[in-house]
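Reader: I'd love a close look at one part of this protein, with the cysteines as the way in. Could you take me through it at an easy pace?

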Amino acid sequence: MVNRSFPQHRASSNSRFLLRKSSPFAFSLCLIFIFASSIFVFFFFCARNVLEDEQKPLFPEPEEFPSHSHAKSEQKSVDHLWDAPSSHGFHPCVKPTSRYEAAQSSDRYITVRSNGGLNQMRAGISDMVAVAHIMNGTLVIPQLDKRSFWHDTSTFSDIFNEHHFIKTLQSDIKIVKELPKELESIPHARKHFTSWAGFGYYEEMTRLWKDYQVIHVAKSDSRLANNDLPLDIQRLRCRAMYEALHFAPPIENFGKKLAERLRLRGGRYIALHLRYEKDMLSFTGCTYGLTHLEAEELEIMREKTPHWKIKNINSTQQRIEGLCPLTPKEVGIFLQALGYPPSTLTYIAAGEIYGGDTRLSELSSRFPNIVTKETLATEEELKPFINHASQSAALDYIISIESDVFVPTYSGNMARAVEGHRRYLGHRKTITPDRKGLVDIFDKLEKGQLREGSSLSDHVRRMHKNRQGGPRKRRGPQPGIKGRARFRTEESFFENPYECICKSKQQL
C-alpha cells in the first residue's frame, strides 16, 4: 500500500514544487498581460479620436457660448498663426554714414505737385526729399493731388504733421512752407523728371540752376530708382518716409484710438486690405464673378478716365496671371486654408466694396467677425473725414501698421507701403497671397476637382511659408524684359527698404 501510494504522493509533491518554482514566471506573464492590455486600450481610444477628428469639418461652426476651456484650447492652437517671422536681429538703421554731406543753405527752390492717392503721394514726397538733397535745392512743401479719382481737397498740413516734417529733415535739406513772394512771378523750369532715374541723372539736372531759380516738378511718383543708389540716399528716403512724414495729430491720434478699440474687442486682429473697389477693378480690367452690367460699368469708367492709358484688357488673362485683386469669396477660402478660425477679428482696410454687403457676405459667411471704420467709430467721429479720401485712407494705414497680421489682396500702393513699413518696424507679419498660384486652386475648387480640407490647407500653407514679411533682399526685374521697361517690374524700394535695416555687430 505504501508502495502503491508513493508515486501519487511523489507526483503531488512535484506538482506543488513546480507550482512554487514557476510562480515568478507566472507573475511576469501576468504583468506583461496587464501592460499589453493597457497599450491596446490606449491605442483603441486614440484611434477612435483620430477617426472622429477626421470626420469633423475643417472649420466647425463656433459654439454660441463656448466654454472657457474650449476658448483656451482654440487660443493655444492658433497662436502660431499670429507669430511674426523671425527678424534675425535686424533693426531700423537710418543714420547717415560718415561720408554724408549735411544740408547747405540754398536760394534755389523746388516746387512739387504730388500725384495719386495717399500712399503714392507719400512715396513721391519722400523721393523728392532725396532729389532736393542731390540737387542742393530748397524744397517747398508739396502741393497734394486734388484732381485724381478721389477729388480730395486736403492740403499737406491737413494730412501730415508739417512742423515735424520740416524739423526732422532740417539736417538733410532746407524746407519752406511757401515759395518766396518775389519768386512767384519769375519764369520757372517746369520739369517732368524721368521715371526711376538714378543719382547721375539728378546731378546732371543741376544744370537747370544756371537759367532758373525755381524748378517745378509736375509729377512726383516713381521719379527715383529703386536700386543702385548711394546708401545715404536710400537712408534719407527712409528718414523722410518713416521718421519725418507723420500724419497730422488729429489723424494719428484717432487712428491709434481705433486700433486700441479693436484690441479691446478681440485682443488680436487681421488688417485685410480688401482692394475690391470700383476704381481698382476698373483700372485692372478684372471682371471675374461680376454680372454683365457690372463689367460694362467698369469698362465705361476705364474709357472715361484719361490718365489710365490701357483701355482694352483681357479680364480672363489678367486673372490667370495673378494680376487681379482677390474677391471676397477667395479671401475667405484663403484665410480659412491658412488656419484662421471663423472667430478671427478682421478689419477691412478699404473703401466701399464693389457690390456692397451682398458681395462682402461671401467673406463674412466664413468670417463673421468683420469690422470697418463705420462699425468701429461713431458718425460724429467720422464726420471730419467725409469727402476726404486721403485722410480716411490714413486711418486705414495706421490701423494696418498696428495690426498683428496684415493681408493685402492686391499689390497696390498701400499694400506696398504698409508691407515696407512693417518690415522697417521689425518684420511684423505680412502675408502676401500668391495670387497666380491661388487662382489655379480656386478654379479647381469651383470645378469640383479639389475639396476644402486638410490637404488643401497644407498646400496653401506651404505656398506661403516664405511670404510672411521676413527679411530678404528686394526682387529684381522680371527675366527677359530689357530697357527702361525692366524698372517697372522691380520690387518697389518702399516695399522692402532693406538698406535701412541692419544687424548689430554682436549678431553679425
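Is cysteine 502 buried or exposed? And what can you tell me about the links and the packing around the cysteines?

Author: Happy to, and please keep in mind that this is a predicted model. Cysteine 502 has a relative accessible area of 16%, and a residue counts as buried when that value is under 20%, so cysteine 502 is buried. Its partner is cysteine 93, and the two form a disulfide with an S to S distance of 1.6 Å. The torsion about this S-S bond is 65°, which makes the link of cysteine 93 and cysteine 502 right-handed. Cysteine 93 sits in the loop between β1 (90-92) and β2 (109-112), while cysteine 502 belongs to strand β11 (residues 501-503), so the bond ties together parts of the chain that lie 409 residues apart in sequence. Cysteine 93 is buried as well, with a relative accessibility of 12%.

The search of the whole structure turns up three disulfides, so let us go through the others. Cysteine 238 pairs with cysteine 500, with 2.0 Å between their sulfur atoms. Here the S-S torsion is 90°, and the link of cysteine 238 and cysteine 500 is right-handed. This pair also connects distant parts of the chain: cysteine 238 is in helix α8 (residues 231-244), cysteine 500 is in the loop between α21 (485-488) and β11, and 262 residues separate them. Both cysteine 238 and cysteine 500 are buried.

Next comes the disulfide of cysteine 286 and cysteine 324, whose sulfur atoms are 2.0 Å apart. The torsion about its S-S bond is about -90°, so this disulfide is left-handed. Cysteine 286 lies in the loop between α10 (278-284) and α11 (292-304), and cysteine 324 in the loop between α12 (315-320) and α13 (328-338), 38 residues apart. Cysteine 286 is buried at a relative accessible area of 4%, and cysteine 324 is buried at 8%. If you count the bonded cysteines along the chain, the disulfides follow the pattern 1-6, 2-5, 3-4.

Cysteine 324 is a good stepping stone to the packing. It is 115 residues from valine 439 in sequence, yet the C-alpha atoms of the two are 9.6 Å apart in space. Valine 439 is part of helix α19 and is buried, with a relative accessible area of 8%. Setting aside neighbours within four places in sequence, valine 439 is in contact with Arg319 and Ile320.

Now to helix α19 itself. The helix covers residues 435-447, 13 residues in total, and spans 18 Å from its first C-alpha to its last, close to the 18 Å expected at 1.5 Å a residue. Its buried residues are Arg435, Leu438, Val439, Ile441, Phe442 and Leu445. Looking down the axis of α19, you find these buried residues within an arc of 170°, so they line one face of the helix. The face turned away from that buried side carries the exposed residues Lys436 and Lys447. Among the elements that cover the buried residues of α19 are α12, α13 and α20 (454-463). Just after α19, glycine 448 has a positive phi of about 80°.

How does this fit into the nonpolar cores? In soluble globular proteins, nonpolar side chains tend to be buried together. The largest nonpolar core here has 67 residues, and the members touching the most others are Met135, Phe160, Phe165, Phe193, Tyr202 and Phe247. Helix α4 (residues 118-135) gives this core its largest share, ten residues. Apart from it lies another core, of 38 residues, which includes Val78, Trp82, Cys324 and Leu438. That second list brings back cysteine 324 of the left-handed disulfide and Leu438, one of the buried residues of α19.

For the larger core, tyrosine 202 gives a handy view: leaving out neighbours within four places in sequence, tyrosine 202 contacts Val131, Ile134, Met135, Phe193, Thr194, Ala197, Arg223 and Leu224. Two of the residues in that list, Met135 and Phe193, are also among those that touch the most other members of the core.

Key. Residues numbered from 1 in each chain as written. Predicted model: local features only at pLDDT ≥ 70, side-chain atom pairs only at ≥ 80, totals over all residues. Heavy atoms only, no water. Disulfide = S-S within 2.5 Å. Helix = DSSP H or I, 4+ residues; strand = E, 2+ residues; numbered from the N terminus. Buried < 20%, exposed > 50% of the residue type's maximum accessible area, 1.4 Å probe, protein only. Expected span 1.5 Å × (residues − 1). Arc of directions from axis to C-beta. Contact = heavy atoms within 4.5 Å. Core = buried A, V, L, I, M, F, W, Y, C linked by side-chain atoms within 4.5 Å.
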